[in-house]
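Trainee: I am new to this structure and would like to work through it slowly, one question at a time. Could we look at it together?

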Amino acid sequence: MQDSIEKWRHRRMTIIVGMVGVDGIVLAADQRATRNAQREDEFDDHMGIRKITHLEQHGVAYAGVGDDITREAGKHLADAINTGTFRFADIERSLERIVVEIVDTTHPCRFDNKENRSLTIGFHGNNVSEAQLWYAQIGPTPHYVYRILGAAVSGAIGNRARFFDSYFRANLSVERLIFLASHIVLNANRFDPAMIEGLDVAIFGRDGLRLLDETQKDALRGRSRELDNLIRQKILGVHYE
């Protein structure tokens, strides 16, 4: 029973959405970091953070799901890029090297909790010929790296909001993908408000990266609520404010 509870808890986590458009990439993430209570008489610690890290000088942005091991992998990625040991000409092998290094230098007991750990990484700017989105799964078994050519949702494995990524279509501009990526994150909060809260959205391509401001995100929240009401009205014939 306890084992089943732990598996359920570790399926409840942050959410990252990446989508590749014809003119760039959209990366959307929630803003909640959680430290789970260790005993029955404790409460979970919640913090609002920015999960999208931008290495502006090098044209790289990444976000992760998981725990301290994921954060360490992100730091290794940043260090490799800042020190020039990361080879942009062979992104796949460079990312694989970082993942293997993390696994080899991490004590196996730290992987015992079966946490899902991954990085979603976007490359833009002069180091690459076109904007690229990559995924790196971190763990003793399995660990792998691949390039994302469409849409990918990381984290929140059991969250029903992941369904909305089925609406993704290729050959759309990032402006047309922003709402879909944001709607997935915002609805993930409805299904798991304890673990998912807030919204950050980054759009990047050859011209660099920009983060949406609060006014722009408020417009997305309002549009998301309107869509929820419209779906409910179409299905049930009732309307709620």
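What follows is a set of questions and answers on this predicted model.

Trainee: In what order do the strands of the open sheet of five lie?

Mentor: The pairing in this sheet is antiparallel. Strand S5 (53-55) and strand S9 (144-148) each have a single partner strand, so they stand at the edges and one side of each is left without a neighbour in the sheet. From one strand to the next, the twist averages 20°. Reading across the sheet, the order is S5-S6-S7-S8-S9.

Trainee: How many bridges join strand S7 to strand S8, and which residue in S8 stands opposite Ser118?

Mentor: Strand S7 covers residues 118-123 and strand S8 covers residues 132-137, and the two run antiparallel. The number of bridges that join S7 to S8 is six. Opposite Ser118, in S8, stands Gln137.

Trainee: Which strands does helix H3 touch as it packs on the sheet?

Mentor: Helix H2 (residues 68-82) lies across S5, strand S6 (60-65) and S7, and runs at about 165° to S6. Helix H3 (residues 91-105) also packs on the sheet, with a direction that makes about 25° with that of S8. The strands touched by H3 are S7, S8 and S9.

Trainee: Which residues of H3 are buried?

Mentor: Helix H3 has 15 residues and reaches 21 Å from its first C-alpha to its last, which is close to the 21 Å expected at 1.5 Å a residue. An α-helix has 3.6 residues a turn, so residues three or four places apart point the same way. The buried residues of H3 pack against H2, S7, S8 and S9. By name, the buried residues are Ile91, Ser94, Leu95, Ile98, Val99, Ile102 and Val103.

Trainee: Why can helix H4 be described as largely enclosed by the rest of the structure?

Mentor: Helix H4 (residues 174-191) has 18 residues, and its reach of 26 Å from first C-alpha to last is close to the 26 Å expected at 1.5 Å a residue. To judge enclosure, one asks how many of these residues are buried, meaning under 20% relative accessible area. Helix H4 is largely enclosed by the rest of the structure because the buried residues number 13 of the 18.

Trainee: Which element gives the largest share of the largest nonpolar core?

Mentor: This core has 28 residues, of which Ile15, Val17, Met19, Val26, Ile178 and Val201 touch the most other members. Two or more residues come from each of strand S1 (15-21), strand S2 (24-29), H4 and strand S11 (200-205). The largest share amounts to 10 residues, and the element that gives it is H4.

Trainee: How many residues does the other core have, the one lying apart?

Mentor: Members of this other core include Ala80, Ile81, Leu95 and Ile98. Of these, Leu95 and Ile98 are also among the buried residues of H3. The number of residues in this core is 26.

Trainee: Which residue in S10 is the bridge partner of Ile16?

Mentor: Strand S10 (residues 151-155) is mostly covered, since four of its five residues are buried. Strands S1 and S10 pair in the antiparallel sense over five bridges. The bridge partner of Ile16 in S10 is Ser154.

Trainee: How far apart in space are Ile157 and Ile15, C-alpha to C-alpha?

Mentor: Ile157 has its place in the loop between S10 and H4, and at 34% relative accessibility it counts as partly exposed. In sequence, Ile157 and Ile15 are 142 residues apart. In space, C-alpha to C-alpha, the separation is 8.6 Å.

Trainee: Which parts does the salt bridge between Arg210 and Glu175 tie together?

Mentor: The side chains of Arg210 and Glu175 meet at 2.7 Å, N to O. The two residues are 35 residues apart in sequence, and Arg210 counts as partly exposed at 35% relative accessibility. Because Arg210 lies in one part and Glu175 in the other, the pair ties together strand S12 (residues 208-211) and helix H4.

Trainee: Which residues are joined into one network by salt bridges that share partners?

Mentor: One link is the salt bridge of Arg221 with Glu214, whose closest N and O atoms are 3.9 Å apart. Glu214 counts as partly exposed, at 45% relative accessibility. The network joins Arg50, Asp200, Glu214, Lys217, Asp218 and Arg221.

How values were computed. Residues numbered from 1 in each chain as written. Predicted model: local features only at pLDDT ≥ 70, side-chain atom pairs only at ≥ 80, totals over all residues. Heavy atoms only, no water. Expected span 1.5 Å × (residues − 1). Buried < 20%, exposed > 50% of the residue type's maximum accessible area, 1.4 Å probe, protein only. Pairing = 2+ DSSP bridges. Axes fitted to C-alpha atoms, helices over the stretch in contact; angles between N-to-C directions. Contact = heavy atoms within 4.5 Å. Salt bridge = Lys/Arg side-chain N within 4 Å of Asp/Glu carboxyl O. Core = buried A, V, L, I, M, F, W, Y, C linked by side-chain atoms within 4.5 Å.
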